[in-house]
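Please open the structure in a viewer and set the backbone to a cartoon representation. The selections below are intended to be made in the order given.

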Amino acid sequence: MSATTLRIATRQSALALWQAEHVAARLRATHPGLAIELVPMTTRGDRILDRPLAALGGKGLFLKELEVALAEQRADIAVHSFKDVPVELDAGFAIGAVLERADPADAFVSVHFARLDTLPHGARVGTSSLRRQAQLRARRADLQLVDLRGNVPTRLARLDAGACDAIVLACAGLERLGLGGRIRSRLAPPHWLPAAAQGAIAVECRVGDARSAELLAPLHDPATARCVAAERALTRHLHGNCQVPIAAYCFESETGLHLAGLVGDAADGRLVRAEASGASEAPEALGRRVAERLLAAGAGELLRLRAEG
């Protein structure tokens, strides 16, 4: 590949910049001589921190400005936490690569307490995620849930200042920022499920941009892509977004893919669970199958109540 410049659109948060630099390093190692320029920008989701994401319309708020930069050819690719990417991309955009997944689990973070079950009665736990709220209420109905927005350092600072007794973050984000030591315990499958595609990095490009697609191809991890495809298919079939507490986790073994899904109610902690296994070459079908099992088990009522609310 001849020496040229590839421009990467990214949010300006510390975690987003780490992910963009990680992609840049992988590209430089794979394509010697490739010049890379980061194009940092602030999204609407970054600017509005006084309201829950669900009230603002969803995680797509973290993508729109980056996609505009792609459309206007001010950038060639955009790097995202895959869990923040809507299950349906706007026309003209595609996922050019999915990188190998990091730890998909959630992290229990606290100054004084080691685990969720050691928190005192009525403790304050910070999270803005409806998925996390539903599972917290299912485990500990006595907890006071505090809406907590902002980047990782901001949330940790609020915890350290005493605004909460504990917070829940993604293990992958903490570890990527060199903050893995703040993890007191992991909230992990099968008992606790993450967001679909949590821990995976997605690289978005324009449809028809053969140059970017060729550059990105060596970074793509097929095993991660299969697992997150099943998780995102489950979410898509349920018409889910961040306004609905949906969780999904898929792993691959010698016998194929194994997917577990969950739909919850953040108000009362009701959870509906389902799981299934399927062929590695058919992740979309597996996602639909587990979604249908969730609906058959009563998830439809929770989804309807959330939509009406």
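The tour visits two sheets, the helices that pack on them, and one exposed position.

This is a predicted model, in which local features need pLDDT of at least 70 and side-chain atom pairs count only at pLDDT 80 or more, whereas totals for chains, interfaces and linings use all residues. Residues are numbered from 1 along each chain as its sequence is written, and side-chain values use heavy atoms, with hydrogens and water left out.

**First stop: the sheet 2-1-3-10-4**

Select the open sheet of 5 strands whose order is 2-1-3-10-4; its pairing is mixed. Strands (E, at least two residues) and helices (H or I, at least four) are DSSP runs, numbered from the N terminus. Two strands count as paired if DSSP finds at least two bridges between them. At the edges are strand 2 (35-41) and strand 4 (93-98), each of which pairs on one side only. From one strand to the next, the twist averages 30°; axes are lines fitted to C-alpha atoms, for helices over the stretch in contact, and angles run from 0 to 180 degrees between N-to-C directions.

Next, select strand 1 (residues 5-11). Strand 1 runs parallel to strand 2, and 7 bridges join the two; Thr5 stands opposite Ala35 of strand 2. With strand 3, strand 1 pairs in the parallel sense over 2 bridges, and Ile8 has Ile77 as its bridge partner there.

Now select strand 3 (residues 77-81), of which 5 of 5 residues are buried (buried means under 20% relative accessible area, exposed over 50%, partly exposed in between, with a 1.4 Å probe and protein chains only). In a regular strand the side chains alternate between the two faces of the sheet. Which residues of strand 3 are buried on one side, and which on the other? Ile77, Val79 and Ser81 are on one side, and Ala78 and His80 on the other. Strand 3 also pairs with strand 10 (residues 201-206), in the antiparallel sense over 5 bridges; His80 stands opposite Ala202 of strand 10.

Add helix 1 (residues 14-30), which lies across strands 1, 2, 3 and 10 and runs at about 160° to strand 1.

**Second stop: the sheet 7-6-8-5-9**

Select the other open sheet of 5 strands, with the order 7-6-8-5-9 and mixed pairing. Strand 7 (144-146) and strand 9 (185-187) each have a single partner strand, so one side of each is left without a neighbour in the sheet. The twist here averages 30° from one strand to the next. Strand 5 and strand 8 run antiparallel and are joined by 4 bridges, with Ile167 in strand 8 as the bridge partner of Val109. Helix 5 lies across strands 5, 6, 7, 8 and 9, at about 130° to strand 8.

**Third stop: helix 6**

Select helix 6 (residues 152-160) and display Val152, Arg155, Leu156 and Leu159, its buried residues. Viewed down the axis of helix 6, these buried residues fall within an arc of 100°, so they line one face of the helix (the arc is that of the directions from the helix axis to the C-beta atoms). They pack against strand 5 (106-109), helix 5 (130-139), strand 8 (166-170) and helix 7 (171-176), contact meaning heavy atoms within 4.5 Å. Just after helix 6, Gly162 takes a positive phi of about 95°.

**Last stop: Ala296**

Finally, select Ala296 in helix 10 (residues 283-308). Is Ala296 buried or exposed? Ala296 is exposed, with a relative accessible area of 71%. Its C-alpha atom is separated by 43 Å from that of Ala210, 86 residues apart along the chain.
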